[in-house]
Amino acid sequence: LQADDVESKIREIIPPGFCTNTDDFVSLLEKEVNFKPFGMLLHTYSVHNEEAGEDITYQIYKADMTCPGFREYHERLQTFLMWFIETASFIDVDDERWNYFLVFEKYNKDGATLFATVGYMTVYNYYVYPDKTRPRVSQMLILPPFQGEGHGAQLLETVHRYYMSSPTVLDITAEDPSENYVKLRDFVLVKLCQDLLCFSPGKLMQGFSQEMVMEAQQKLKINKQHTRRVYEILRLRATDMGDAEQSRSYRLDVKRRLIGPYKKKQRELAKMRRCLRPEELTNQLNQIDLNMQHEQLEETFQQLVSDYRRVLERLAQV
């Protein structure tokens, strides 16, 4: 048997100059003492490490390709995407509309201050007519040794706060978000919105309103779709689910949003009744089981409430 040529495959994604033996790699580590983060410092925070028994400091920076040495650093950094994110691809770094946000661990060793790469996020600034932009999160990665410590939430909140201060930003979105990213975004946006007056318990119980849409968009750059999820999560917190009337009101309110696709199918069915021959209609009716649709709607609602409760549990721990 002939071994696969692994190195040739690696060369397709890793820039030239990578190490192929341990000794060379260890010798290069000595240069790490001179490494400094790129760009502008946006946020510093601490996380308590149980194993070390102390608080560890982390910093988030915003960088771009004009920072000396950043292009070469990013070429190496983005290769992590291929190992940890399915269907990942590299971006066009020559496009000036990209922003880069990086998380570093800051620590001391032998009297020197060192920085370790924790993760990063890329954001593309789309043009919105006539004079706005819509930042869209493209890639986000927290390296495995640092996952589960809250760095993703810190990074996403910092990025939101950075764009919130810009009058030219309309809202912030994400490109093809994963399920985990949606849960992370729910937590961050609820944390940001919970102190807005339009999300006070009294107003939450009155239902979703245009006031919520406007205030969340103007102050926090959150679009209508995401604002609706924030409303549903915060209303769940304000609702006594043990009270039959409150529970029913909440369930109907959420299901009115979820039922949209099912109503579309019912409209299609009504159109088919007018247009199809009896045998064709029978065939289509066999594919549309209304009882099954109601079961799917209830299942979707229960899963949503379960996800919302996890967001609220995490929020209570902050």
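**Salt bridges, a sheet and two crossing helices**

I would like to begin with a network of salt bridges that links R228, E232, R235, D253, R256 and R257, where a salt bridge is a side-chain nitrogen of Lys or Arg within 4 Å of a carboxyl oxygen of Asp or Glu. Please keep in mind that this is a predicted model, in which local features need pLDDT of at least 70 and side-chain atom pairs count only at pLDDT 80 or more, while totals for chains, interfaces and linings use all residues. Residues are numbered from 1 along each chain as its sequence is written, and side-chain values use heavy atoms, with hydrogens and water left out.

Within that network, R256 forms a salt bridge with D253, the closest N and O atoms being 3.7 Å apart. The two residues are three apart in helix α10, so about one helical turn separates R256 from D253; helices here are DSSP runs of H or I with at least four residues, strands are runs of E with at least two, and both are numbered from the N terminus. How buried or exposed is each partner? R256 is exposed, with a relative accessible area of 57%, whereas D253 counts as buried at 9%. For these words the cut-offs are under 20% relative accessible area for buried, over 50% for exposed, and partly exposed in between, with a 1.4 Å probe and protein chains only.

A search of the whole structure finds 18 salt bridges, and I will take two further examples. The first joins the side chains of R71 and D94, at 3.2 Å from N to O. This pair links distant parts of the chain, since R71 sits in helix α3, residues 70-77, and D94 in the loop between α4 (80-84) and β3, 23 residues apart. R71 counts as partly exposed, at 30% relative accessibility, while D94 counts as exposed, at 55%.

The second example is the salt bridge of R161 with E157, whose closest N and O atoms are 3.0 Å apart. Both residues belong to helix α5, residues 151-164, and they are four residues apart, about one turn of the helix. R161 is partly exposed, with a relative accessible area of 45%, but E157 is buried, at 11%.

Let me turn to the strands. Six of them make an open sheet in the order β1-β2-β3-β4-β5-β6, with mixed pairing, and two strands are taken to pair if DSSP finds at least two bridges between them. At the edges stand β1 (40-49) and β6 (173-174), each of which pairs on one side only. Inside the sheet, β3 (residues 98-109) and β4 (residues 112-128) run antiparallel and are joined by 12 bridges; K109 stands opposite A112 in β4.

Next come the helices α6 and α9. Two packed helices are described by the angle between their axes and the distance between the axes. The axes of α6 (residues 179-193) and α9 come within 9 Å and cross at roughly 75 degrees, where axes are lines fitted to C-alpha atoms, for helices over the stretch in contact, and angles run from 0 to 180 degrees between N-to-C directions. The two helices are therefore roughly perpendicular to each other, on a scale that calls angles under 35 degrees roughly parallel, over 145 roughly antiparallel, 65 to 115 roughly perpendicular and the rest oblique. Which residues meet there? V182, R185, D186, L189, V190 and C193 in α6 meet H226, R229, V230, I233 and L234 in α9, contact meaning heavy atoms within 4.5 Å.

Just after α9 (224-238), in the loop between that helix and α10 (244-258), we find T239. T239 is buried, with a relative accessible area of 9%, and, not counting residues up to four places away in sequence, T239 touches M205, Q246, S247 and Y250.

Another loop residue is C19, placed between α1 (6-11) and α2 (22-29). C19 is partly exposed, at a relative accessible area of 29%, and, leaving aside its neighbours within four places in sequence, is in contact with D24, F25 and L28. From C19 to D243 the separation is 224 residues in sequence and 64 Å in space, C-alpha to C-alpha.

I close with one annotation from the record. In an unreviewed entry, UniProt lists residues 185-236 as "domain: Histone acetyltransferase type B catalytic subunit C-terminal"; UniProt positions are given in the numbering used here, feature names are shortened, and annotations may be inferred rather than shown by experiment. In the model, that span is 71% helix and 0% strand, and its end C-alpha atoms lie 17 Å apart.
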